[in-house]
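Biologist: I would like to go through this structure feature by feature. Please give the idea behind each term before the case at hand.

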Amino acid sequence: MQIRRLTPALGAEITGLDLSSDFDDETLNAVHEALVENQVLVIPAPDLTPEQHMALGRRIGEIEIHAFFPNLGPGLEQVSVLDSEEGNTASMWHTDETFLPHPPMGTLTHAKTLPDVGGDTMFASTTAAYDALSPNMKLYLEGLTALHDLSRTTELRYRFGGASPQHYADAIAQDRRTAHPVVRVHPETGAKGLFVNPTYTRHIVGLPPDESDAILAFLFQHSIKEHFTYRHHWREGDLLMWDNRSTMHRVLNDFPGRRLMYRVSVVGSAGR
Ligand SMILES: O=C(O)CCC(=O)C(=O)O
């Protein structure tokens, strides 16, 4: 197994590993270590089946049924489907499902069908972004919490035709919201990272609305500066794993044609 770093901030490609064959726990641990260190891993896996994809997720931890993406159905409910033809292209910066009390610790996404051009995914290291803040800003953010909820993204999908009025009303009624620290400590490395994102984070708790809006706008812009990012140009069969505790991501919605991805998320827990 060879590991090649892709940008100074984050990302590495692993070659010489066949994810569709049996591999031992030592190899799995090496992949896990590489994930924590590099935050995003690119692994070519042209022959990976949905069953193997799900089994791989299960070897890392408990796998979830995604809160709102459709899935492959009976027996494969944990494999969610992002099909641009169904209006599912996650084009706003986000960390996965931060409206949950325990957002996933990581996600494994497999490229099934790609447009001829476009549809790259951008990643940003939230630990690199935190490290680059001024000491004054770090002090200001210490101890603050922010509220994350699911309604904004559903509202946007409703406004632009991607969700029905009922779907929108259901999202509001479900009231899926959680407050998290604005600065998160990675449970495995101890590194601090920014933990706010434009898709789910609504406001910083206890601040006047205009101050909260201004601080969040600054943090969102700061987090996606180019030297904290990696842009992945997909090849069919690529499997990407990202550490959801130290990254944000978005798809560039710049393509005609179909983009179909299967994804499995590993549930976060107190220890991980
Ligand atoms: O399709 C992709 O490249 C990423 C999808 C995404 O944002 C997600 O699975 O949360």
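Biologist: In which sense do strand S7 and S8 pair, and over how many bridges?

Modeller: This is a predicted model, so what follows describes a prediction. Two strands count as paired if DSSP finds at least two bridges between them. Strand S7, residues 145-149, pairs with S8 in the antiparallel sense, over five bridges. To place the register, take Leu147: its bridge partner in S8 is Ala179.

Biologist: What is the strand order of the sheet that holds S7 and S8?

Modeller: The order is S8-S7-S11, an open sheet of three strands with antiparallel pairing. An edge strand is one that pairs on one side only; here the edges are S8 (177-181) and S11 (201-204). From one strand to the next, the twist averages 30°.

Biologist: What is the order in the sheet of seven strands, and what is its pairing?

Modeller: That sheet is also described by its order, S1-S2-S3-S13-S5-S15-S4, and it is open with mixed pairing. Its edge strands are S1 (2-5) and S4 (80-83), each paired on one side only. Here the twist averages 25° from one strand to the next.

Biologist: Do S2 and S3 run parallel or antiparallel, and how many bridges join them?

Modeller: S2 (residues 12-15) and S3 (residues 40-44) run parallel, joined by two bridges. One bridge links Ala12 with its partner Leu41 in S3.

Biologist: Which strands does helix H1 touch as it packs on the sheet?

Modeller: For helix packing, read the contacts together with the angle between directions. Helix H1, residues 25-38, touches S1, S2, S3 and S13, and its direction makes about 135° with that of S3. Helix H2, residues 50-60, packs on the sheet as well, touching S5, S13 and S15; its direction makes about 25° with that of S15.

Biologist: Into which domains is the chain divided?

Modeller: The bounds come from an automatic or database domain assignment. Domain 1 covers 2-116 + 234-266, and domain 2 covers 125-223. Their C-alpha centres lie 22 Å apart. The contact between them takes 24 residues from domain 1 and 25 residues from domain 2.

Biologist: What is the volume of the largest pocket?

Modeller: A pocket is an open set of points, whereas a probe in a cavity cannot get out. The largest pocket has a volume of about 560 Å³. It is lined by 30 residues, and the closest to its centre are Asn88, Thr89, Ala90, Ser91 and Met92.

Biologist: Which elements give two or more residues to that lining?

Modeller: They are helix H5 (151-159), strand S14 (247-251) and strand S15 (260-266). H5 gives the most, with three residues. By domain, the lining of the largest pocket draws at least three residues from each of domain 1 and domain 2.

Biologist: How do the residues of the largest pocket's lining divide by polarity?

Modeller: There are 12 nonpolar, 13 polar and five charged residues in that lining.

Biologist: How many cavities of 30 Å³ or more are there?

Modeller: The count comes to one cavity of 30 Å³ or more. The largest cavity holds about 40 Å³ of space. Its lining consists of Leu35, Ile60, Met105, Gly106, Thr107, Leu108, Met241, Trp242 and Val266.

Biologist: Which strand gives the most to the lining of the largest cavity?

Modeller: S5 gives the most, with three residues. Strand S5 (106-113) and strand S13 (238-243) each supply at least two residues of this lining. By residue class, the lining of the largest cavity divides into seven nonpolar, two polar and no charged residues.

Terms used: Residues are numbered from 1 along each chain as its sequence is written. This is a predicted model: local features need pLDDT of at least 70, side-chain atom pairs count only at pLDDT 80 or more; totals for chains, interfaces and linings use all residues. Side-chain values use heavy atoms; hydrogens and water are left out. On a 1 Å grid over the protein atoms alone, a cavity is a set of points where a 1.4 Å probe fits but cannot get out, and a pocket is an open set with protein on both sides within 12 Å along at least five of seven lines; lining residues have an atom within 4 Å of a point. Grid points are joined across faces, edges and corners, and a volume is the space filled by probe spheres set on the points. Helices (H or I, at least four residues) and strands (E, at least two) are DSSP runs, numbered from the N terminus. Ala, Val, Leu, Ile, Met, Phe, Trp, Tyr, Cys and Pro count as nonpolar, Asp, Glu, Lys and Arg as charged, and the others, Gly among them, as polar. Axes are lines fitted to C-alpha atoms, for helices over the stretch in contact, and angles run from 0 to 180 degrees between N-to-C directions. Contact means heavy atoms within 4.5 Å.
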